Amino acid sequence: MSGYELKKQLSFKLGAFWRVSFGSLYPCLKRLLRDGALEVEENHFTSRKKHVYRLTERGEQLFLELLESADVHDLEQDRFSMRLAFFRYLRPETRLDQLERRRGYLQERLGHLRASLRTVRDRLDAYTLELMDHGLDSHEREIAWLDRLIAAERGSATSDGRPTARSRSTATLPAESLPEAPGLATPAAQNPTVQRDPRLPTQAGQAAPTP
């Protein structure tokens, strides 16, 4: 697909928590072309010169490598949210590891916030105090949400390691029903065996189904 079409797709799928700009997209496409992750051809069926980008085998490999290798910066809110949107491409043990690491990161942050608040509470004005209390509430809610995701991930396989049957309460929109522009195949399209864990809650407030 073209850079314009790619931006539309990214905005549609990730726009709720990640804003894509042409100023960041095109330099990224150039780097991926240089690294052999993409190949490009000119579209001669329009009056304007348009580059069509295609994902290469090297691009699929790089995608999975980046998705599996989460460092401390990837545990931060924006990067973790974007990573979570592609969790269905990861192995169950990798998903569980990253969820637990994110939870540990938040628990550490929560401990620091509580200690700081105990020290300076008497010196804070009402608005700053409300802001810190809001931060505590946000961390506690996300930790509870991660606890549900982790419990669902641990209970998502049977004793022989295969996923359990999909529950109607956790049914998700299949990837093939999402609008896709031609020309750029996703890893899921080229590897139909990669699926999102069916036991994973579809929303932050939705509990995992019981076996």
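In the next few minutes I will go through the overall make-up of this protein, then two pairs of helices, and then three residues of helix α5.

Please keep in mind throughout that this is a predicted model. Taken as a whole, the protein has seven helices and two strands, and if we read from the N terminus the order of the elements is α-α-β-β-α-α-α-α-α. There are 211 residues in the protein, of which 32% count as buried. As for contacts along the chain, if we take those with a separation of 6 or more, 56% of them are between residues 24 or more positions apart.

Let me turn to helix packing, and remind you that two packed helices are described by the angle between their axes and the distance between the axes. I will start at the N-terminal pair, where helix α1 covers residues 3–14 and helix α2 covers residues 22–34, and where the two axes come within 11 Å and cross at roughly 120°. With that angle, α1 is oblique to α2, and the crossing in which α1 passes α2 is right-handed. If you would like to find this contact in the structure, look on the α1 side for Gly3, Tyr4, Leu6, Lys7 and Leu10, which meet Phe22, Leu25, Tyr26 and Leu29 on the α2 side. Sorted by class, the residues of this contact are seven nonpolar, one polar and one charged.

How, then, do α5 and α6 lie with respect to each other? Helix α5 spans residues 92–120 and helix α6 spans residues 126–154, and their axes, which come within 9 Å, cross at roughly 155°. Since angles over 145 degrees count as roughly antiparallel, α5 and α6 are therefore roughly antiparallel to each other. The residues of the contact between α5 and α6 comprise 14 nonpolar, four polar and 12 charged, and the crossing of these two helices is left-handed.

I would now like to stay with helix α5 and take three of its residues in turn, beginning with proline 92, which is found in this helix. Proline 92 is partly exposed, at a relative accessible area of 42%, and although proline 92 and serine 156 are 64 residues apart in sequence, the distance between their C-alpha atoms is 8.7 Å.

Next comes glutamine 98, also a residue of helix α5. Is glutamine 98 buried or exposed? Its relative accessible area is 2%, and because buried means under 20%, glutamine 98 counts as buried. A polar atom of the glutamine 98 side chain lies 3.0 Å from the backbone oxygen of leucine 67. Leaving aside residues up to four places away in sequence, glutamine 98 touches Leu67, Glu68, Ala70, Phe80, Arg83, Phe87 and Leu90, so that leucine 67 appears both in this list and in the pair of polar atoms I have just described.

The last of the three is arginine 109, which again has its place in helix α5. Arginine 109 has a relative accessibility of 37% and counts as partly exposed. Its C-alpha atom is separated by 9.9 Å from that of glycine 135, a residue 26 positions away along the chain.

Note on methods
Residues are numbered from 1 along each chain as its sequence is written. This is a predicted model: local features need pLDDT of at least 70, side-chain atom pairs count only at pLDDT 80 or more; totals for chains, interfaces and linings use all residues. Side-chain values use heavy atoms; hydrogens and water are left out. Axes are lines fitted to C-alpha atoms, for helices over the stretch in contact, and angles run from 0 to 180 degrees between N-to-C directions. Helices (H or I, at least four residues) and strands (E, at least two) are DSSP runs, numbered from the N terminus. Angles under 35 degrees count as roughly parallel, over 145 as roughly antiparallel, 65 to 115 as roughly perpendicular and the rest as oblique. A crossing is left-handed if the near helix is turned anticlockwise from the far one by less than a right angle, and right-handed if clockwise. Ala, Val, Leu, Ile, Met, Phe, Trp, Tyr, Cys and Pro count as nonpolar, Asp, Glu, Lys and Arg as charged, and the others, Gly among them, as polar. Buried means under 20% relative accessible area, exposed over 50%, partly exposed in between (1.4 Å probe, protein chains only). A polar contact is a pair of N or O atoms within 3.5 Å; within protein, one must be able to donate a hydrogen and the other to accept it, and residues adjacent in sequence count only if both atoms are side-chain atoms. Contact means heavy atoms within 4.5 Å.
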